[in-house]
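Hello,

Here is the structure I promised to pass on to you. Have a look at it first, and then read on for what turned up in it.

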Amino acid sequence: FEMECRVLSIQSHVVRGYVGNKSATFPLQVLGFEVDSINSVQFSNHTGYAHWKGQVLTAEELNVLYEGIKLNNVNHYDYILTGYTRDTSFLETVVDIVQELKRLNPKLVYVCDPVMGDQGSMYVPENILPVYRDKVVAVADILTPNQFEAELLTGRTISTEKDALDVMELLHQMGPDTVVLTSTDLTSPHGDQFLVALGSQKMVRPDGSKSTQKIRIEMPKVDAVFVGTGDLFTAMLLAWSHHHPNDLKAACEKTVSVLHHVIKRTITYANGMAGPGKRPNPAQLELRMVQSKKDIEDPDIVVEATIL
């Protein structure tokens, strides 16, 4: 008899393609997790296409759905996963739900991707920052900001690896035991063909003493714009952290390796569909998720992390 592991994932949904819940659910299921999804939006496709249509879930509607789960007494979760949200009241409702579920299960792990922007500009309303900073980060256990988001949350600028380590330390003090900067502008020791990510995990040893594991991971850059990779990253970090709870290095190596395989398969397919010398369009660049099932289940480790 095996205990099930259940995830509540509150993210966007698209009819066609892979972002948000569509990017997280299948890979988590493949790895044996039960996934209950609440779709914060339902769009025809991601907003990188020329056209999109759809509906947005309100904070009230989120509450109604949660209420239904609660009335049936099936609001018992091991993990909560959240990504892109534009609305402050929706995000505040998420915090209420997280707090209530943590009272029911003190061991619950909240994995939060504080999606706010990239490359120095915000693509969510600015009034969402204080909600993340003052309410969400405090209840998060695993946080996966990019460099820009980490800078927003701490009010510090990152120009060196030491700055990044200091910012992760500040984020730990705000709540989460595990912080991964999923992408940075730092120069890789291996040259500019690589993207640098950094991670830090606080642990309590069996004797009660505390330690921190800090890692650097370098991923080969691919010249294309993929949508949904951040959502896949955070979902895989949840899964592999579950399997390697005290080894951020192993969890990140598997996470990044899954991403590498999915992206490689996607770009090969997209280039083939677009034809020689043509840049693939958003539809051709949708992640090859189903085709990557074996890589998700058992990734060939192609990226090694360095312990700092």
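In what order do the strands of the open sheet run, and is the pairing parallel, antiparallel or mixed? Please keep in mind throughout that this is a predicted model. The sheet has 10 strands, in the order β3-β2-β1-β4-β5-β8-β9-β10-β11-β12, and the pairing is mixed. At its edges are β3 (54–56) and β12 (305–307), each of which pairs on one side only.

**The strands around β1**

A good place to start is β1. All nine of the nine residues in this strand, residues 6–14, are buried, so β1 is largely enclosed by the rest of the structure. The cut-off used for "buried" is under 20% relative accessible area.

On one side, β1 pairs with β2 (residues 34–43) in the parallel sense, over eight bridges. If you want a spot to look at, find R6, which stands opposite E34 in β2. The two strands also belong to a right-handed β-α-β unit, made of β1, helix α1 (residues 20–30) and β2.

β1 also pairs with β4 (residues 79–82), again in parallel, and four bridges join them. Here L8 has I80 in β4 as its bridge partner.

As you follow the side chains along these strands, one general point may help: in a regular strand they alternate between the two faces of the sheet.

**From β8 to β11**

Further along the sheet, the pairing changes sense. Strand β8 (residues 142–143) and β9 are parallel and share two bridges, with L143 partnered by V179 in β9. Strand β9 (residues 178–181) then runs antiparallel to β10, and four bridges join the two. V179 appears here too, with S200 in β10 as its bridge partner.

β10 and β11 (residues 210–220) are likewise antiparallel, joined by 11 bridges. One of the pairs to look for is M203 with S211 in β11. These two strands form a hairpin with five residues between them, and G208 in the turn has a positive phi of about 95°.

**The second largest pocket**

β10 turns up again in the second largest pocket, which holds about 310 Å³ of space. The pocket is lined by 15 residues, and the closest to its centre are V109, I142, T178, Q201 and P245. Which elements supply at least two residues each to this lining? They are β10 (194–204) and α7 (229–243), and β10 gives the most, with four residues. Sorted by class, the lining has seven nonpolar, five polar and three charged residues.

**A few residues to click on**

- D141 is in the loop between α4 (129–139) and β8. With a relative accessible area of 22%, D141 is partly exposed. The C-alpha atoms of D141 and V109 are separated by 5.8 Å, although these residues are 32 residues apart along the chain.
- L91 is in helix α3 (residues 88–104). Its relative accessibility is 1%, so L91 counts as buried. Between the C-alpha atoms of L91 and S200 there are 25 Å, and 109 residues separate the two along the chain.
- Q119 is in the loop between β6 (117–118) and β7 (121–122). Is Q119 buried or exposed? At 65% relative accessibility, Q119 counts as exposed. Its phi is near 50°, a positive value in a residue other than glycine.
- N73 is in the loop between α2 (59–71) and β4. N73 also has a positive phi without being a glycine, with a value near 60°.

**What the record says**

Finally, UniProt has an unreviewed entry that places the feature "domain: Pyridoxamine kinase/Phosphomethylpyrimidine kinase" at residues 82–272. In the model, the span of residues 82–272 is 47% helix and 19% strand, and its end C-alpha atoms lie 34 Å apart.

If you would like a short route through the model, begin with the buried strand β1, go along the sheet to the hairpin of β10 and β11, and finish at the second largest pocket, to which β10 gives four residues.

Best wishes

Technical notes: Residues numbered from 1 in each chain as written. Predicted model: local features only at pLDDT ≥ 70, side-chain atom pairs only at ≥ 80, totals over all residues. Heavy atoms only, no water. 1 Å grid on protein atoms, 1.4 Å probe; cavity = no way out; pocket = protein on both sides within 12 Å on 5 of 7 lines; lining within 4 Å. Points joined across faces, edges and corners; volume = space filled by probe spheres on them. Nonpolar A, V, L, I, M, F, W, Y, C, P; charged D, E, K, R; others polar. Buried < 20%, exposed > 50% of the residue type's maximum accessible area, 1.4 Å probe, protein only. Pairing = 2+ DSSP bridges. Right-handed = clockwise from strand over helix to strand, strands pointing away. UniProt positions renumbered as here; feature names shortened; annotations may be inferred.
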